[in-house]
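Work through the exercises below with the sequence and the model at hand. Each task is followed by its solution in steps.

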Amino acid sequence: MKTASLWKSVSFALLLLVFGTPGEAREIAPIVSVDWLEANLQDPRLVVLDVRKVEQYQAGHIPNAVSSFYRAWAFRKGELYSEIPELDDLEEMIGEAGIGVESIVVVAGSVSTPVESYQSARVACTLQYAGIPNVALLDGGIDAWIRQKKTLSTEPRVLAAKPFKAKLRRDFTADREYMKSHLGKVLLLDVREPDIFTGKRKLDCIPRAGHIPGALNMPTSCAFNPDGTFKTRDQLAAIAEAAIGKDLSRQVVTYCDVGQSCATWAFLLRELLGYRNIRLYDGSTQEWMADPTAPVEK
């Protein structure tokens with residue numbers, strides 16, 4: 001298991017030499033293994049961001065990890081459940097976590113439930129939106145760390161706060177106006193489960209069933225193995241190419257119900273698979289379906 005995990009991390013690192021990262025030079029693979037993280041915990045530039053609830057962090061966490069609950073990174077704004085924080089709040093939150101532009105950040109959350117497994121990627125995308133290039137996901141989350149019997153700590157870590165000035169990557173996100181003006185001009189990926197995509201059922205918080213016209217269905221759940229680790233790069237590429245094709249410059253917007261699970265494919269497409277024009281719609285169908293003038297398909 002350890003050899004396979006190490007090889008998986010090395011494989012991801014080698015991919016960076018081929019694809020790189022649009023606009024920024026990466027110094028860390030987009031997905032890192034438990035073994036890689038354990039070997040690099042003493043790197044002074046490394047910040048391990050534990051995005052679970054505080055009580056989960058206090059019960060046992062990766063040594064030197066900083067607690068920063070997911071909900072602060074995708075907060076409720078009015079009727080919308082998962083919005084990007086306002087600029088001043090975002091800058092303050094990043095600075096108080098001890099993160100700077102030069103930091104290497106590994107986001108580590110739980111993968112015990114589907115909802116939890118999507119949260120780390122949303123935090124990672126928010127950090128990248130703020131202009132931090134070296135952000136990675138821990139493959140299999142803290143569950144994998146525990147499963148491999150790695151050391152846990154109950155000692156909280158608080159890094160010295162530092163001033164942070166965001167360089168927003170507005171080309172990483174889409175809002176309702178962008179969606180309306182680009183409808184039919186960009187590829188839309190609805191990452192919800194097929195029965196929700198087709199309108200057979202919906203969440204209570206979504207005003208209308210169905211999907212945004214012209215969208216294709218590529219569920220986020222397809223990116224994961226049963227244990228919460230990611231599928232191989234080749235498997236993920238095959239899923240993506242079936243929907244998007246091999247044109248890495250194609251303009252794509254991912255969306256879901258409330259803007260949470262769509263971040264996983266947005267991150268994987270851009271950071272791992274090399275697609276260069278990827279946005280996520282954080283308002284997603286919760287915002288779209290609340291607008292009676294917005295069209296819908298089933």
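**Exercise 1: Strand partners**

Thr254 stands opposite Leu280 in S12. The model is predicted, so local features need pLDDT of at least 70 and side-chain atom pairs count only at pLDDT 80 or more, while totals for chains, interfaces and linings use all residues. Residues are numbered from 1 along each chain as its sequence is written, and side-chain values use heavy atoms, with hydrogens and water left out.

Task: Which residue stands opposite Thr254 in S11 on the side of strand S9, and how many bridges pair S9 with S11?

Solution.
1. Strands here are DSSP runs of E with at least two residues, and helices are runs of H or I with at least four, numbered from the N terminus. Two strands pair if DSSP finds at least two bridges between them.
2. Strand S12 (residues 277–281) is joined to S11 by 4 bridges, and the two run parallel.
3. Strand S9 (residues 187–190) also pairs with S11 in the parallel sense, over 4 bridges. Leu189 is the residue that stands opposite Thr254.
4. Buried means under 20% relative accessible area, exposed over 50%, and partly exposed in between (1.4 Å probe, protein chains only). In strand S11 (residues 251–255), 4 of the 5 residues are buried, so the strand is largely enclosed by the rest of the structure.

**Exercise 2: An open sheet**

Task: Which strands stand at the edges of the sheet with the order S1-S7-S6-S2-S3?

Solution.
1. The sheet is open, has 5 strands and shows parallel pairing.
2. Strand S1 (31–32) and strand S3 (66–67) are the edges; each has a single partner strand, so one side of each lacks a neighbour in the sheet.
3. S3 is joined by 2 bridges to strand S2 (residues 46–50), and the two run parallel. Asp50 stands opposite Ser67 in S3.

**Exercise 3: The nonpolar core**

Task: Which helix gives the most residues to the largest nonpolar core?

Solution.
1. A nonpolar core is a set of buried Ala, Val, Leu, Ile, Met, Phe, Trp, Tyr and Cys residues joined through side-chain atoms within 4.5 Å.
2. The largest one has 56 residues, and those touching the most other members include Leu49, Ile94 and Leu269.
3. Helix H10 (residues 262–272) gives the most to this core, with 8 residues.
4. A second, separate core of 19 residues includes Leu37 and Tyr57.

**Exercise 4: Aromatic rings**

Task: Is the pair of Tyr118 and Phe224 stacked or tilted?

Solution.
1. Rings of Phe, Tyr and Trp (its six-membered ring) pair if their centres lie within 6.5 Å; planes under 30 degrees apart count as stacked, over 60 as edge-to-face and the rest as tilted.
2. For Tyr118 and Phe224 the centres are 6.1 Å apart and the planes stand at 40°, so the pair is tilted.
3. Phe224 and Phe230 form a stacked pair, 4.9 Å centre to centre with 25° between the planes. Phe230 counts as buried, at 4% relative accessibility.
4. Ring pairs thus link Tyr118, Phe224 and Phe230 into a cluster.

**Exercise 5: Cysteines**

Task: How many disulfides does a search of the whole structure find?

Solution.
1. A disulfide is a pair of cysteine sulfur atoms within 2.5 Å.
2. The sulfur of Cys205 is 9.9 Å from the closest cysteine sulfur, in Cys256, too far for a bond.
3. Cys262 is in no disulfide either; the nearest cysteine sulfur, that of Cys256, is 3.7 Å away.
4. The search finds 0 disulfides.
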